[in-house]
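Work through the exercises below with the structure open. Try each task before reading its solution.

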Number of protein chains: 2
Amino acid sequence: MHGRTSGETVHLDGNARERFYDSRGYGVPDGDELDLAPVEAAHLLWREDIESVDGQDLQAYLASQPGLAVRFLVYKDLRDRGFYLAPAERWFDGETDVDFAVFPRGEGPWGDAVEYRVRVVGERDDVPVSALGDATLAVVDEESEITYLGTDHEDVTGSSTTDLPSGVPATLLGDRVAVPDAPDGLYERAFYGQPLDRNDGGDLQLSLLEAAHLAGDVLALDREAVLEKGHEVEGERFDRRLCVYTTLRERGVVPKTGFKFGADFRTYADVESVDDLGHSELLVRVLPGDHVFAPRDLALDVRLAHGVRKTMVYAVVGGGEVEWVAVSRLTP
Amino acid sequence: MHGRTSGETVHLDGNARERFYDSRGYGVPDGDELDLAPVEAAHLLWREDIESVDGQDLQAYLASQPGLAVRFLVYKDLRDRGFYLAPAERWFDGETDVDFAVFPRGEGPWGDAVEYRVRVVGERDDVPVSALGDATLAVVDEESEITYLGTDHEDVTGSSTTDLPSGVPATLLGDRVAVPDAPDGLYERAFYGQPLDRNDGGDLQLSLLEAAHLAGDVLALDREAVLEKGHEVEGERFDRRLCVYTTLRERGVVPKTGFKFGADFRTYADVESVDDLGHSELLVRVLPGDHVFAPRDLALDVRLAHGVRKTMVYAVVGGGEVEWVAVSRLTP
């Protein structure tokens with residue numbers, strides 16, 4: 001059987017509907033005949049179920065359309081994993097940011113359930129942060145291996161609260177703040193700062209974020225001076241990070257530096273005492289709303305978070321609001 | 001006892017030499033008296049061994065000099081770990097890129113052995129890649145925790161060699177290359193490419209780097225067309241990566257994509273057969289000679305590599321030569 005291109009689809013004559021749609025979920029029936037998307041036609045070429053498309057073999061057909069080779073690799077991989085899938089434009093009205101609707105195992109285009117909304121991404125493509133949250137990314141690396149990344153909107157909440165004293169003396173020391181003879185609760189219960197000496201919790205060092213959050217109330221420290229120093233050393237990034245820091249604290253989640261993990265924060269949802277600290281659950285990276293990822297940086301973050309048994313969460317800041325998006329590796 | 005600033009040093013009168021130099025390694029003797037660097041004076045203030053410097057207490061003195069608070073944190077931490085150390089300018093002639101000479105445990109400024117050459121880096125400072133190789137970085141994060149990163153020049157070699165056929169047909173497919181019905185040795189022994197189907201090693205997908213390395217000899221493929229596509233999708237970065245790829249292959253090391261680890265390559269030093277592949281030893285990131293790190297990105301790379309039991313190596317490309325620098329976490 002031979003396919004021929006008609007508009008944006010590949011048409012198959014004869015009993016193509018019976019052979020390829022009814023039991024195997026390819027294409028859109030046209031009477032007994034069938035209209036295929038290019039990836040579906042490529043897959044049937046690969047399986048040697050059809051012999052050519054417009055006289056071309058698989059390699060020539062793949063080379064004939066930009067991006068088709070990469071979409072074909074993902075389509076084939078998902079088929080190999082036992083899924084039926086359809087091109088997104090056939091399935092979702094007006095949808096443009098994903099490529100495939102993947103049906104639950106054992107189901108197909110006859111039903112109406114969708115398991116994954118898959119966006120195909122080449123290793124060298126840009127991924128705007130706004131594309132994360134509803135889609136599963138299928139990243140095809142330069143050696144044609146595929147990494148699936150699940151993305152979800154995350155609800156970040158915790159139960160950490162504490163009463164704090166007020167008017168504690170503090171000094172701005174360059175890009176950090178010293179609190180000599182800090183009251184016990186500040187570090188021990190609320191987990192602000194870091195003791196200058198492990199054996200003597202009296203003198204604390206606070207980050208500029210911690211200090212900005214506490215200045216003018218808990219700390220007897222000029223908040224404007226802290227904000228000014230923050231802007232001096234980090235620019236607008238400081239505002240975004242402070243917005244996320246404050247939002248986390250308001251939600252009962254304790255953020256501490258994620259530096260050792262290359263992130264902005266690691267977070268603890270339920271802190272009662274530093275002596276009885278659990279495992280931190282999230283790694284948080286703060287991003288502006290117009291951030292664009294290189295897929296490799298996503299892979300790096302997700303792999304690291306997995307290795308330290310934490311969830312990677314992007315805190316996307318726009319208009320003073322924070323949107324939380326979790327990204328993790330996924331095996332379909 | 002009170003210190004007073006004289007030029008760039010802090011002078012202590014009385015029997016300061018006996019008290020602080022002879023048994024504890026602070027400062028430079030001046031008869032019975034002593035000249036201290038600012039970090040040394042700050043440390044004696046912290047220990048309450050002296051009462052003031054120019055009438056200032058510890059916090060006021062730390063705030064009086066830019067960067068002194070951060071250098072003090074590292075100086076104190078190394079002292080706490082049982083080391084004696086001296087300011088670099090006192091120890092190394094004309095040395096400017098490190099801050100401290102740290103002596104082996106049990107030794108001090110009386111001997112001449114140096115254990116670590118420590119460069120103090122704030123989390124927000126830039127670290128040029130040229131600063132790596134001889135120094136130990138002491139990175140002070142925003143919460144004043146210190147991460148030590150050892151950096152070394154690395155000798156990257158392996159024993160992977162193989163005879164390859166020539167004139168194998170191949171097709172450029174967008175930003176990758178297809179090799180239909182590839183000869184056995186190409187993947188199975190030399191570990192080029194990736195089978196399109198796991199159950200059928202016949203059709204290989206090669207990366208542009210692999211194809212550029214093999215084109216015109218092993219592959220019947222126009223090398224110029226591959227290079228042109230490489231430049232189109234990666235610009236100068238492609239030249240750097242190809243330089244490193246080629247150098248690794250010439251040294252008997254097999255590079256494969258490091259995408260899942262967020263790196264350019266993972267490498268295998270001794271490949272005889274893909275069926276009997278060992279653990280990949282290195283993660284390689286390719287960088288131009290003028291690259292400047294944010295310390296957080298260094299921390300991310302090093303933490304990830306440690307978690308997957310590999311060594312993080314930066315391949316720094318300049319003038320067609322590659323310099324290899326390994327970076328790893330270190331506990332002094």
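## Exercise 1: The largest cavity

The largest cavity holds about 80 Å³ of space. The model is a predicted one.

Task: find which residues line the largest cavity, and which element gives the most to the lining.

Solution.
- Step 1. List the lining. Chain A supplies Thr147(A), Leu149(A), Ala299(A), Val302(A), Arg303(A), His306(A) and Arg329(A), and Lys260(B) comes from chain B.
- Step 2. Assign elements. Strand E11 (146-153) and H10 of chain A each give two or more residues to this lining.
- Step 3. Rank them. H10(A) gives the most, with 4 residues.
- Step 4. Sort by class. The lining divides into 3 nonpolar, 2 polar and 3 charged residues.

## Exercise 2: Helix H10 of chain A

Task: test the length of helix H10 (residues 295-307) of chain A against its expected span, then state which of its residues are buried.

Solution.
- Step 1. Work out the span. Helix H10 of chain A has 13 residues, and at 1.5 Å a residue it should span 18 Å. The expected span is 1.5 Å times one less than the number of residues.
- Step 2. Compare. The end C-alpha atoms of this helix are 18 Å apart, which agrees.
- Step 3. Apply the burial cut-off, under 20% relative accessible area. The buried residues of H10(A) are Pro295(A), Arg296(A), Leu298(A), Ala299(A), Leu300(A), Asp301(A), Val302(A), Leu304(A) and Ala305(A).
- Step 4. Look past the end. H10(A) is followed by Arg309(A), whose phi is positive, near 55 degrees.

## Exercise 3: The largest pocket

Task: describe the largest pocket by volume, lining and class.

Solution.
- Step 1. Volume. About 500 Å³ of space lies in this pocket.
- Step 2. Lining. There are 25 lining residues, and Arg285(A), Asp297(A), Leu300(A), Asp297(B) and Leu300(B) lie nearest the centre.
- Step 3. Elements. From chain A, helix H9 (236-250), strand E20 (282-288), strand E21 (292-293) and H10 each give two or more residues. From chain B, strand E20 (282-288), strand E21 (292-293) and helix H10 (295-307) do so.
- Step 4. Class. The lining has 13 nonpolar, 2 polar and 10 charged residues.

## Exercise 4: The second largest cavity

Task: what is the volume of the second largest cavity, and which elements supply at least two residues of its lining?

Solution.
- Step 1. Volume. The second largest cavity contains about 70 Å³ of space.
- Step 2. Centre. Of its 13 lining residues, Gln59(A), Leu62(A), Leu173(B), Leu196(B) and Gln205(B) lie nearest the centre.
- Step 3. Elements. Helix H3 (58-64) and helix H4 (68-80) of chain A qualify, together with strand E14 (176-179) and strand E16 (200-207) of chain B.
- Step 4. Class. This lining has 9 nonpolar, 2 polar and 2 charged residues.
- Step 5. Follow one lining residue outward. Gln59(A) is in contact with Thr171(B). Thr171(B) lies in strand E13 (residues 171-173) of chain B. At 26% relative accessible area, Thr171(B) is partly exposed.

## Exercise 5: The nonpolar core

Task: identify the residues that touch the most other members of the largest nonpolar core, and trace the contacts of Leu132(A).

Solution.
- Step 1. Among the 52 residues of this core, Leu132(A), Tyr314(A), Leu132(B) and Tyr314(B) touch the most other members.
- Step 2. Leave out residues up to four places away in sequence. Leu132(A) then touches Val127(A), Leu137(A), Thr151(A), His153(A), Phe293(A), Leu298(A), Tyr314(A), Val325(A) and Val327(A).
- Step 3. Set this against the general trend. In soluble globular proteins, nonpolar side chains tend to be buried together.

## Exercise 6: The loop between E10 and E11 of chain A

Task: are Asp141(A) and Ser144(A) buried or exposed?

Solution.
- Step 1. Place them. Asp141(A) lies in the loop between strand E10 (136-140) and E11 of chain A. Ser144(A) lies in the loop between E10 and E11 of chain A.
- Step 2. Read the accessibility. Asp141(A) counts as buried at 2%, and Ser144(A) is buried at 9%.
- Step 3. Check contacts. Beyond four places in sequence, Asp141(A) touches Glu123(A), Arg176(B), Thr257(B) and Phe259(B).
- Step 4. Check the backbone. Ser144(A) has a positive phi, near 70 degrees, and is not a glycine. Most residues other than glycine have a negative phi.

Terms used. Residues are numbered from 1 along each chain as its sequence is written. Chains are lettered from A and ligands numbered from 1 in the order in which they are written. Side-chain values use heavy atoms; hydrogens and water are left out. Buried means under 20% relative accessible area, exposed over 50%, partly exposed in between (1.4 Å probe, protein chains only). A nonpolar core is a set of buried Ala, Val, Leu, Ile, Met, Phe, Trp, Tyr and Cys residues joined through side-chain atoms within 4.5 Å. Contact means heavy atoms within 4.5 Å. On a 1 Å grid over the protein atoms alone, a cavity is a set of points where a 1.4 Å probe fits but cannot get out, and a pocket is an open set with protein on both sides within 12 Å along at least five of seven lines; lining residues have an atom within 4 Å of a point. Grid points are joined across faces, edges and corners, and a volume is the space filled by probe spheres set on the points. Ala, Val, Leu, Ile, Met, Phe, Trp, Tyr, Cys and Pro count as nonpolar, Asp, Glu, Lys and Arg as charged, and the others, Gly among them, as polar.
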